[in-house]
Amino acid sequence: MKFQAFYDSPFILNFSFEKLIQKMEAEASGNPEYALSHQRILDKTKGFPELLNGISNLDFFEENEVLMKELLRDLFPPMLTENEIKAISFPFYNFFFNPTKRFETIIKKAGDNFDMIIKDMDPHRFYVMSCCIILNDFYDVPLNVSMPFIFDIPNEEGVVKHYRFLTNADFMDVNALENFKRLTPEEISELLDNFEDYELWKEKFPPESWELKGFAVVNFFDATTEIAISNLKSKLINLEDDKNLKPELNKVFRSIFQVSDLEVGFTSINHDENKFVRSPINSVIESYILLENSQDCKNELLCEKNFNTLVESKRFFSISDIERTYREFPDSQMAKHFYEAGIKSAIFAPIIKDKKILGIIELVSRKKMLNSINAQKMEIVMPYLEDTMDRLYDGIETRIQAIIQREYTSIHPSVYWKFRQEAERHIGFYREEFDLPYRKITFENLTPLFGQTDIRNSSVSRNLAIKKDLEINLMLISDVFKNLISDNDLTEINEKLVQFQKKLSKDLRADTESQVQNFIHQEVHPLLESIKLQNVNYNQIVTDYHKQLDSKTELVYNFRKKFDDSLSSINKFLADILDKRQEEQQHRFPFYYERFKTDGVEHNMYIGSSIEPDLTYDSIFLENLRLWQLRVICESELQYKKYKDTLDYSLEVSSLILVYSTPISIRFRMDEKRFDVDGSYNARYEMIKKRIDKSLIKNSDERITQPGKISIIYSQDKERKEYLKLIKILQNQNLLSAIEELEVEDLQGINGLRALRVAVNYDTKDVDYDFVEEI
């Protein structure tokens, strides 16, 4: 059998023991102590010229195994064969001869199908590393090729152990063959700068153009814990992104603890509620304390001595026999969880930050393999786990804060720079003083823009939905009473029922809803429960009645639910259009934007030079923003026309724009965490906003706002002229049609308002909503 290299190589391998024999001859002639023992072996080797010239057939090793072992006796002392992991080989090759007994045992446990392959060694890397031997030995290029080469070898249970190996090349020679290429210094420099150029290396060192003669002594060292920890660090770096992290972590910890079925888990602790809880981390690493379908385990379940140790001393501990623990604490829900899951042993380690336990790392096994002895290995890995979990918790907190800011107390990107500047000043970025008092954050000389798309007659629709549900609820109660009246005196309560039904047949008054609800909750339902207890024959009747009620309100909640769901859906639909469009518009010139959901969606915008002092502000930006606002409201109307058909409760909307050309100032109110107009003079703008919503056309009963039309409220003639020009642009795009010019009724403290009311063209087709024409 001839030796076959695992990959292509610049070498022809020549197993030779010439250098070893020469060394033994020198020792025998110069040292009487070695003369007798060495000479006896040397005499035997004389009949085997292959030992000097090269062994071409690997069968030679098996046929002359005794001789070879004698020849290698000094390199492989019999006394160390059970301890050392050692063999004869060549660098980077997977052929081994004369392995120690410990090495043989390791390979045998790995199984018949196991191949000894260096971790991360591919054909390219193998070829280049072989060339580096030539550069180092033949060309005297000082290259350090003693990299941490690793063999991953599983044991009989499939647990991977990591072995680092070192090569003693004292008995090897590198010889050039006839077809070798002698390299110039320039070519060597080119190679040193081009490790990745596989073809270049093969060109300079053609395959089988060199001879590697001799042998190497390869020593293996068990580096399982060291390599596993290195792998652990690598995996933890990608903890948030790697969906395969759980099996990878299991693999790493199995190597460290040498437990084939070890599983890794994590459970968070909520100190405010005093219990174990799931966290976003469990999407990557599951919890074994909170097993599937189990409830959160409160800390009263930590009464066992071991768990007290965990919480109080903040050190890891183990349970080496879950079954025994369950017998000792049969009332422990946690012990029951583990026992029923088939877990036999476990280790728990707290993740601590600022002297507070964030959660618990869990190692579990369905074998009795985890105990207080191997639990000490946790000391090695805990610093990495703690740093990683700390980073994860910081990331989670950052995301939570971002959500809170985005959804509840948003600081718009256009003014974020101002808040950051003030925060930096507060913490001392610009001077040595710290904790400086907060200053007012104001923006002056801004032009406001206000608009809304309001749900038409929402209060009327809401009352109608409430009325219908209450009527149905009373009718259901009436049907129940009809089935109970023969056995129970319900005269008095029936009379009240009839009275409330009469009240609901008229318009809903402000207090009618609460009166009917109190009647149902405080009189009807207690009576039904009492009747059910007295007579089991009525159980089904009462149960069937309750099935028709909403589980939370204990009332009929059909029409009101449709209304509430539709209202919420409309608000989200309209808000999403505004939010998306304003982001697109910001790049023209930044403007402050905020919007609110009520019975519809309203928005405020402010534009001016103080929003972005580094840019040159021009009135053209205001004109373009007004055109954009009108077009987006028009888009909202057109889109909603189609969306309305998908709702359970059909509702109309009407839109309004307030034009206000007088510059104002806004100030951030720290107590309310929002912007508001600054100063009493500017408050007039807010007053107009609040009062025009339901205003009427002067000398009529008709509302200014109407479905299918956009009402533009203004006070100055120049504003009228500007908006007529904007409307004309959108009329040319077939988005708007007929215009009405109206006067607004006099409001309290507000006179002289006028309006342009323009109809939306719902028949327009193929609208490009991403297109915004600029002036």
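Student: Is Glu 740 buried, partly exposed or exposed?

Tutor: In this predicted model, the relative accessible area of Glu 740 comes to 25%. Buried means under 20% and exposed means over 50%, so with its 25% Glu 740 falls into the class in between and counts as partly exposed.

Student: Which residue forms a salt bridge with Glu 740, and what is the distance between the closest N and O atoms?

Tutor: Glu 740 lies in strand 20 and its partner lies in strand 21 (residues 754–760), so the pair ties together parts that are 17 residues apart in sequence. The partner counts as buried, at 2% relative accessibility. That residue is Arg 757, and its closest N and O atoms to Glu 740 are separated by 3.1 Å.

Student: Which residue forms a salt bridge with Glu 741, and where does that residue lie?

Tutor: Glu 741 counts as partly exposed, at 46% relative accessibility. Its salt bridge is with Arg 720, and the closest N and O atoms are 2.8 Å apart. The pair links distant parts of the chain, 21 residues apart, with Glu 741 in strand 20 (residues 736–743) and Arg 720 in helix 24 (residues 717–732).

Student: How far apart are the closest N and O atoms in the salt bridge of Arg 327 with Glu 323?

Tutor: Both Arg 327 and Glu 323 belong to helix 13 (residues 322–328), where they are four residues apart, about one turn of the helix. Arg 327 counts as exposed at 56% relative accessibility, while Glu 323 is partly exposed with a relative accessible area of 31%. The closest N and O atoms of this salt bridge are separated by 3.6 Å.

Student: How many salt bridges does the chain contain, and which residues do shared partners join into one network?

Tutor: Side chains of opposite charge can pair when their charged atoms come close. Counted with a limit of 4 Å between the nitrogen and the carboxyl oxygen, the salt bridges come to 37. The network joined through shared partners consists of Lys 246, Arg 254, Glu 263 and Glu 286.

Student: Which strands are the edge strands of the five-stranded open sheet?

Tutor: This sheet has the strand order 9-8-12-11-10 with antiparallel pairing, and its neighbouring strands are turned by 30° against each other on average, direction ignored. An edge strand pairs on one side only, and this applies to strand 9 (275–277) and strand 10 (317–319).

Student: Which residue is the bridge partner of Ser 318 in strand 11?

Tutor: Strand 10 pairs with strand 11 (residues 345–353) in the antiparallel sense, over three bridges. Within strand 11, the bridge partner of Ser 318 is Ile 347.

Student: At what angle does helix 11 run to strand 8?

Tutor: Helix 11 (residues 245–257) lies across three strands, namely strand 8 (263–270), strand 11 and strand 12 (356–365). The angle to strand 8 is about 110°.

Student: Which residue stands opposite Phe 11 in strand 6?

Tutor: Three strands form an open sheet of mixed pairing in the order 1-6-5, with strand 1 (11–15) and strand 5 (172–176) as its edges and a twist that averages 20° from one strand to the next. Strand 1 and strand 6 (residues 210–214) pair in the parallel sense over five bridges. The residue opposite Phe 11 is Trp 210.

Student: Is Ser 661 buried or exposed?

Tutor: Ser 661 lies in the loop between strand 16 (653–659) and strand 17 (664–669). Leaving aside residues up to four places away in sequence, Ser 661 touches Arg 626, Gln 716, Lys 718 and Glu 719. Its relative accessible area of 18% is under the 20% limit, so Ser 661 is buried.

Student: Which side chains make polar contacts with the side chain of Ser 661, and at what distances?

Tutor: One polar contact, of 3.4 Å, joins the side chains of Ser 661 and Arg 626. Another polar contact of the Ser 661 side chain, at 2.6 Å, is made with the side chain of Glu 719.

Student: What share of the contacts with a separation of 6 or more comes from residues 24 or more positions apart?

Tutor: The chain has 775 residues, of which 47% are buried, and it contains 24 helices and 21 strands. For Ser 661 and Thr 447, 214 residues apart along the chain, the C-alpha atoms are separated by 6.2 Å. Over the whole chain, the share asked for is 70%.

Key:
Residues numbered from 1 in each chain as written. Predicted model: local features only at pLDDT ≥ 70, side-chain atom pairs only at ≥ 80, totals over all residues. Heavy atoms only, no water. Helix = DSSP H or I, 4+ residues; strand = E, 2+ residues; numbered from the N terminus. Buried < 20%, exposed > 50% of the residue type's maximum accessible area, 1.4 Å probe, protein only. Contact = heavy atoms within 4.5 Å. Salt bridge = Lys/Arg side-chain N within 4 Å of Asp/Glu carboxyl O. Pairing = 2+ DSSP bridges. Axes fitted to C-alpha atoms, helices over the stretch in contact; angles between N-to-C directions. Polar contact = N/O pair within 3.5 Å; in protein donor to acceptor, adjacent residues only side chain to side chain.
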